[in-house]
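Here is a short, friendly walk through the structure shown below. Have it open beside you as you read.

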Amino acid sequence: MSQGRPSIEPLPAGAGRSGQDAWFFCLRILGGRYAFEAALVTEVVRLGPLTRLPAAPSFLPGVFTHRGEVLPVLDIGQMVGQGAIVIRASTRAAVVHCGPWKVAVISDGLEGLVVIPRRNLEASPAESSGMAEFLSGVARDKLGTIAVLDLPRLVEAARSRAVPYGSSAP
Amino acid sequence: MSEPVSELLMFQVGARVFASTVRDVVRIGNVADVDASELIEGTSLGPTFGRERGIVVAGLDGAAEATLVVDQVLGVRSVLDSEIQPLPAFAAAVIRSGAVSRLVLLDDAPTLLVDLPTLVRERLAATTTRPSPA
């Protein structure tokens, strides 16, 4: 997919849910290739000027406006403690719906949709730290290895690990 | 019938511009005229650069007034109440301050609407609960 396009193509009916192929949305984060279920992505947008929020966790670098809607930005690298993604004028974000949460996931680069035969999906390594904690599998395509993220679980973990106002630290 | 309108006081802390409802503000003053013990600094809004102005906020439940130190007071803007919106749900769920729960789009940029009494209360609470040095 071209990064110059404002939104992604609609997925074929049933994509990512059944059949021999799995559809993922692929992006590059801190030198690695990561992907998550393509159906979570509603569009790809250029990141506007960020408004930083006071007392926000490091994985929430700010909010920005897209077509009159204010979207929170999620830095997955910060969430898993692997470092911040550098935000540039060219940075694009994948807008995703994860349950009740709508967030714009930033990355070092967006590859777009990838189709992986299900037989090429492997179980994730049994690690429980960093990004590995949120992997649901590993896939391979002609460009190499793709780590498949359980994005809804990652977003929910981000929410639960933050200590919102009025709560006690765990 | 015209839409309800809110008057917002625009102010700057560091490089960032914030807004608050005018009804939260008692008056604007000079920091130099206020006893240092009554100044509120180091809030979650970030560090100040110039410390030129103070926004005097009424104390809650009969508490004394407090003066929030800011860099500049930029003026008052009128916005339609319908233009004020809550923070995005995810941001509201993870932010560690109750003083910022709404925003307003000004010139298409999200400008945070600060609840000044809550900001002052949080800062005072953080000061009183800070552990003393060993």
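Let us start with a proline. Setting aside residues up to four places away in sequence, A:Pro152 is in contact with A:Cys98 and A:Gly99. A:Pro152 and A:Gly99 are 53 residues apart in sequence, yet their C-alpha atoms are 7.1 Å apart in space. The proline belongs to helix H2 of chain A, and it counts as partly exposed because 17 other C-beta atoms lie within 10 Å. Please keep in mind that this is a predicted model.

**The helix around the proline**

Which residues of helix H2 (residues 151-161) of chain A are buried? They are A:Leu151, A:Leu154, A:Val155 and A:Ala158. Seen down the axis of H2(A), these buried residues fall within an arc of 95 degrees, so they line one face of the helix. Behind such patterns is a simple rule: an α-helix has 3.6 residues a turn, so residues three or four places apart point the same way.

Two of these helix residues, A:Val155 and A:Ala158, are touched by A:Leu74. Beyond four places in sequence, A:Leu74 also touches A:Phe59, A:Leu60, A:Met79, A:Val103, A:Ala104 and A:Val105.

**Chain A and the core**

Stepping back, chain A holds two helices and ten strands. Read from the N terminus, its elements follow the order β-β-β-β-β-α-β-β-β-β-β-α. Of the 170 residues in chain A, 34% are buried. Among the contacts in chain A with a separation of 6 or more, 54% join residues 24 or more positions apart.

The largest nonpolar core has 76 residues. Those with the most contacts inside this core are A:Phe24, A:Ala35, A:Leu74 and B:Val114. Strand S1 (residues 21-29) of chain A gives the most to the core, with seven residues.

**A sheet in chain B**

In chain B, four strands form an open sheet in the order S3-S5-S6-S4, with mixed pairing. Strand S3 (25-30) and strand S4 (39-40) of chain B stand at the edges with a single partner strand each, so one side of each is left without a neighbour in the sheet. S4(B) runs parallel to strand S6 (residues 66-70) of chain B, and two bridges join the pair. Within this pairing, B:Ile40 stands opposite B:Leu68 of S6(B).

**Two loop residues with positive phi**

Most residues other than glycine have a negative phi. The table lists two residues that have a positive phi although neither is a glycine.

| Residue | Phi | Loop between | C-beta neighbours inside 10 Å |
|---|---|---|---|
| A:Arg67 | about 50 degrees | strand S4 (63-66) and strand S5 (69-75) of chain A | 8 |
| B:Asp108 | about 70 degrees | strand S9 (100-106) and strand S10 (109-114) of chain B | 9 |

Are they buried or exposed? A:Arg67 counts as exposed because of its 8 neighbours, and B:Asp108 is exposed with its 9.

**Where the chains meet**

How many residues of chain B are in contact with chain A? There are 22, and they are in contact with 25 residues of chain A. Helix H1 (89-94), S9 and S10 of chain B each supply at least two residues of the side that touches chain A. H1(B) gives the most to this side, with five residues. By residue type, the side of chain B that touches chain A divides into 14 nonpolar, five polar and three charged residues.

How values were computed: Residues are numbered from 1 along each chain as its sequence is written. Chains are lettered from A and ligands numbered from 1 in the order in which they are written. This is a predicted model: local features need pLDDT of at least 70, side-chain atom pairs count only at pLDDT 80 or more; totals for chains, interfaces and linings use all residues. A residue is buried if 20 or more other C-beta atoms lie within 10 Å of its own, exposed if 12 or fewer, and partly exposed in between; C-beta atoms are placed from the backbone. The arc is that of the directions from the helix axis to the C-beta atoms. Two residues are in contact if their C-beta atoms, placed from the backbone, lie within 7 Å. Two strands pair if DSSP finds at least two bridges between them. A nonpolar core is a set of buried Ala, Val, Leu, Ile, Met, Phe, Trp, Tyr and Cys residues joined through C-beta atoms within 7 Å. Ala, Val, Leu, Ile, Met, Phe, Trp, Tyr, Cys and Pro count as nonpolar, Asp, Glu, Lys and Arg as charged, and the others, Gly among them, as polar.
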